[in-house]
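Student: I'm new to this one. Could you take me through a single part of it slowly, the cavity, and then whatever else helps me find my way around?

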Amino acid sequence: MSDECSICSKRERGRMPRERSTGRQLRLGSELRKLREAAGVSSTDAGRLLGTSQAQISNIEAARVGVSPERVRAMARNYHCTDQALVDALATMAAERHRGWWEEYRDALPTSLLDLAETEYHAAALRVTQCLTVPGLLQTPEHARAVFREFVPALKPHEVEYRVSHRIKRQQVLFRSDPTAYTAIIHEAALRMQFGGAETVKAQLAHLSAMSEHDNITIVVIPFDGTSFPISGHGVDYMYGPVAPLDTVQLDNGHGGDSIDSAAQLERYRLMLDRMEGTALGAEESRNLMHRISQAI
């Protein structure tokens, strides 16, 4: 047995608890708990069926220890789960052993930002909306730096640079060999905010226009004279999983990012984004609006 397999095996048997769990690991545990509860199986019975203890089931569901793909499949069988696509996706999550690039920021940035980067990296597609700032994956370094300098309480210069670096690295998902499909719904107000001054705004608008020409990127704008606006002012990142139950929403609010994965809330945000996209200008009209705003600055 390799050293890595030995470590994984010890973790799974509860001998080596994780020092910390990533958002994706926590999601795997949460999904296994949902399957168990939907089947009406107690954690004690789940342990007995798996040939382990109630405590081990609790540790797996809380992501305190790892779990092998084989055990994930066994648990799904014990819980009478017939959604094979979901089971395959969960087994794939369990098989992941590599550390993503975001882990280098583990002690420098809030956990919610690391979880966002991890979820974006694995997402099948992304759809976001912003009202007062350009979405992070579309920001220039100068625009991002200007936004971070406005934080309250103020960030120290090195904290600003950590966040800028992290934000720019997140953008890799749009340019890798198999780039992620990305749709951004931006309110006109975000295009007119003067973060960083006129030259920074002009450069950001030019960058948005260029990004919108990529085949995997769609950028549409809700104009000030739009007939409706079905959302509050916070940003929404909708990250599509390999199957619908593994979709994730992260809300950008004043106290950090809140992750949502309940079926009812996912459906609510899908409908909300559909309505927003329906009120936006088309892609070409949106580019034209960006050009007019830039010319007026």
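Tutor: Here is a walk through the cavity, then a helix pair and two spots in loops. Keep in mind that this is a predicted model, where local features need pLDDT of at least 70, side-chain atom pairs count only at pLDDT 80 or more, and totals for chains, interfaces and linings use all residues. Residues are numbered from 1 along each chain as its sequence is written, and side-chain values use heavy atoms, with hydrogens and water left out.

A search of the whole structure turns up one cavity of 30 Å³ or more. On a 1 Å grid over the protein atoms alone, a cavity is a set of points where a 1.4 Å probe fits but cannot get out, and lining residues have an atom within 4 Å of a point. The volume of the largest cavity is about 40 Å³, counted as the space filled by probe spheres set on the points, which are joined across faces, edges and corners. Around the largest cavity you'll find Val134, His143, Ala190, Leu191, Met193, Val201, Gln204 and Leu205. Helix H10 (188–192) and helix H11 (198–211) are the elements that give two or more residues to this lining; helices here are DSSP runs (H or I, at least four residues), numbered from the N terminus. H11 provides the largest share, three residues. By class, the lining has six nonpolar, two polar and no charged residues; Ala, Val, Leu, Ile, Met, Phe, Trp, Tyr, Cys and Pro count as nonpolar, Asp, Glu, Lys and Arg as charged, and the others, Gly among them, as polar.

Now for the helix pair. Leu113, Leu114, Leu116, Ala117 and Glu120 in H7 meet Arg163, His166 and Arg170 in H9, with contact meaning heavy atoms within 4.5 Å. This contact of H7 with H9 has four nonpolar, one polar and three charged residues.

Last, the loops. The peptide bond from Val152 to Pro153 is cis, with omega near -5 degrees, and Pro153 sits in the loop between helix H8 (141–148) and H9. Ala63 has a positive phi of about 60 degrees although it is not a glycine; look for Ala63 in the loop between helix H4 (54–61) and helix H5 (69–78).

Key:
On a 1 Å grid over the protein atoms alone, a cavity is a set of points where a 1.4 Å probe fits but cannot get out, and a pocket is an open set with protein on both sides within 12 Å along at least five of seven lines; lining residues have an atom within 4 Å of a point.
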